[in-house]
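Work through the exercises below with the sequence and the coordinates at hand. Each task is followed by a worked solution.

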Amino acid sequence: MKENVSFIGTGNMGGALIHAACRALDPAQVHITDYMVEKAQEMADELGCGCVSSNREAVLAGTYIFMCVKPQVMGGVLKEIAPVVKECLDRGEKKIIVSIAAGLQLAYIKEQLAQCGDALRVIRVMPNTPAAIGKGMIAVAADPEVEEEYVSGVMEILSDAGRVERLAENLMDQFTVVSGCSPAFVYMFIEALADGGVMTGLPRAQAMTYAAQTVMGAAAMVLETGKHPGELKDAVCSPAGSTIVGVAKLEEKGFRSAAIEAVKAGYEKNIDLGKVK
Ligand SMILES: NC(=O)c1ccc[n+]([C@@H]2O[C@H](COP(=O)([O-])OP(=O)(O)OC[C@H]3O[C@@H](n4cnc5c(N)ncnc54)[C@H](OP(=O)(O)O)[C@@H]3O)[C@@H](O)[C@H]2O)c1
């Protein structure tokens, strides 16, 4: 890809995507900025990419502009950059605004940038934090007027962040919980498995490694064999064995129901976040 890429916001998620973009592209094509410019400068020094000192300069520096600020401040930042985006579009430059904010619809992003006119292109991306080590699950949504080359461009920029798939926008809020939020749920499960290990006598560090490696292996079994998780679970449960006793205990304590309810609660929260104006 020849175009440059800018990132506004170098926090947890923005930082993970910046690392991935600097692996997928020449770091010289990447420019970053943050409210605290020193924070962006430190990351730029580490990665060899550019650092600019304002959101305006970030817009000027990139064809693709990744908006990596919290949903609550996104409206203000979009309104701040709208005049410079318009200036660039009026000069015939291409600008593709890429939002990674949970809950905010494409229509909302476009509304904040309404003064930019029809030439503006907006894409919505939902990543998760394992993107930091190239093992993320990332969805990309765009309206029909967005040319394929720009959607492919975004997918290329993120190609080193993990598995990147296109998704219809009306499923983004659901995806946001199942992939964006659920690393937190999975970490809780790993910690709980390790706690159980410690309770039964394993040293803490070993218990943590065994639990994490097992969760990673089980996830890979689902993806690589294509088998239903229920079938894979059945294959571990021998008659009258120790696994089925554990499975029964998880059912008794509402494990599956708790996971389903957690996804539903996160989804409802995303809908609320989407109402931010
Ligand atoms: N964390 C996740 O797992 C995750 C997953 C999927 C999507 N997301 C989305 O990613 C976005 C960023 O979340 P995050 O967790 O990375 O948040 P974060 O760590 O707080 O990062 C946001 C960054 O933006 C900076 N910032 C705030 N206002 C700014 C402004 N006006 N101009 C430039 N930079 C500004 C913040 O600087 P200060 O710290 O100085 O305020 C901070 O460095 C959110 O929209 C979230 O919905 C996050």
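**Exercise 1.** Is lysine 95 buried or exposed? Place the residue in the chain as well.

*Solution.* The model is a predicted one.
Step 1: locate the residue. Lysine 95 belongs to the loop that runs between helix 4 and strand 5 (96-99).
Step 2: apply the cut-off. Buried means under 20% relative accessible area. Lysine 95 has a relative accessible area of 3%, so the residue is buried.
Step 3: relate lysine 95 to a second position. Histidine 228 is 133 residues away from lysine 95 in sequence, and the C-alpha atoms of the two are 43 Å apart in space.

**Exercise 2.** Describe the chain as a whole.

*Solution.*
Step 1: count the elements. The chain has 11 helices and 8 strands.
Step 2: take the extent. Along the principal axes, a box of roughly 75 × 35 × 30 Å holds the C-alpha atoms.
Step 3: take the burial. Among the 277 residues of the chain, 42% count as buried, and lysine 95 is buried too.

**Exercise 3.** Which residues are closest to the ligand, and how many surround it? Characterise the shell and the polar contacts.

*Solution.*
Step 1: collect the shell. The ligand is surrounded by 23 residues, with Met13, Asp34, Lys39, Val69 and Ala102 the closest.
Step 2: sort the shell by residue type. The shell consists of 13 nonpolar, 7 polar and 3 charged residues.
Step 3: assign helices. At least two shell residues come from each of helix 1 (12-24) and helix 4 (71-90). Helix 1 contributes the most, with 3 residues.
Step 4: list polar contacts, for which the cut-off is 3.5 Å between N or O atoms. The side chain of aspartate 34 has an N or O atom 2.7 Å from an oxygen atom of the ligand. For asparagine 12, a backbone N or O atom is 3.0 Å from a ligand oxygen. In asparagine 55, a side-chain N or O atom lies 3.1 Å from a nitrogen atom of the ligand.
Step 5: compute the cover. On its own the ligand has 890 Å² of accessible area, and the protein covers 78% of that.
Step 6: identify the site. The ligand takes up the space of the second largest pocket.

**Exercise 4.** Where does alanine 240 lie, and what is notable about its phi?

*Solution.*
Step 1: locate the residue. Alanine 240 is in the loop that links helix 9 (229-236) and helix 10 (242-252).
Step 2: read the torsion. Its phi is near 60°, which is positive although the residue is not glycine.
Step 3: compare with the usual case. Most residues other than glycine have a negative phi.
Step 4: classify the accessibility. Exposed means over 50% relative accessible area. Alanine 240 reaches 82%, so this residue is exposed.

**Exercise 5.** Classify glycine 226 and glycine 196 by accessibility, and give one C-alpha distance for each.

*Solution.*
Step 1: take glycine 226, in the loop between helix 8 (204-225) and helix 9. Its relative accessibility is 64%, so glycine 226 is exposed.
Step 2: find its distance to tyrosine 210. Glycine 226 and tyrosine 210 are separated by 16 residues in sequence and by 24 Å between C-alpha atoms.
Step 3: take glycine 196, which sits in helix 7 (residues 172-199). With a relative accessible area of 30%, glycine 196 is partly exposed.
Step 4: find its distance to alanine 211. The C-alpha atoms of glycine 196 and alanine 211 are 10.0 Å apart, and the two are 15 residues apart along the chain.

Methods. Residues are numbered from 1 along each chain as its sequence is written. This is a predicted model: local features need pLDDT of at least 70, side-chain atom pairs count only at pLDDT 80 or more; totals for chains, interfaces and linings use all residues. Side-chain values use heavy atoms; hydrogens and water are left out. A residue is near a molecule or strand if one of its heavy atoms lies within 4 Å of it. A polar contact is a pair of N or O atoms within 3.5 Å; within protein, one must be able to donate a hydrogen and the other to accept it, and residues adjacent in sequence count only if both atoms are side-chain atoms. Accessible areas come from the Shrake-Rupley method with a 1.4 Å probe; for residues, only the protein chains shown count as cover. On a 1 Å grid over the protein atoms alone, a cavity is a set of points where a 1.4 Å probe fits but cannot get out, and a pocket is an open set with protein on both sides within 12 Å along at least five of seven lines; lining residues have an atom within 4 Å of a point. A molecule sits in a cavity or pocket if more than half of its atoms lie within 2 Å of its grid points. Helices (H or I, at least four residues) and strands (E, at least two) are DSSP runs, numbered from the N terminus. Ala, Val, Leu, Ile, Met, Phe, Trp, Tyr, Cys and Pro count as nonpolar, Asp, Glu, Lys and Arg as charged, and the others, Gly among them, as polar. Buried means under 20% relative accessible area, exposed over 50%, partly exposed in between (1.4 Å probe, protein chains only).
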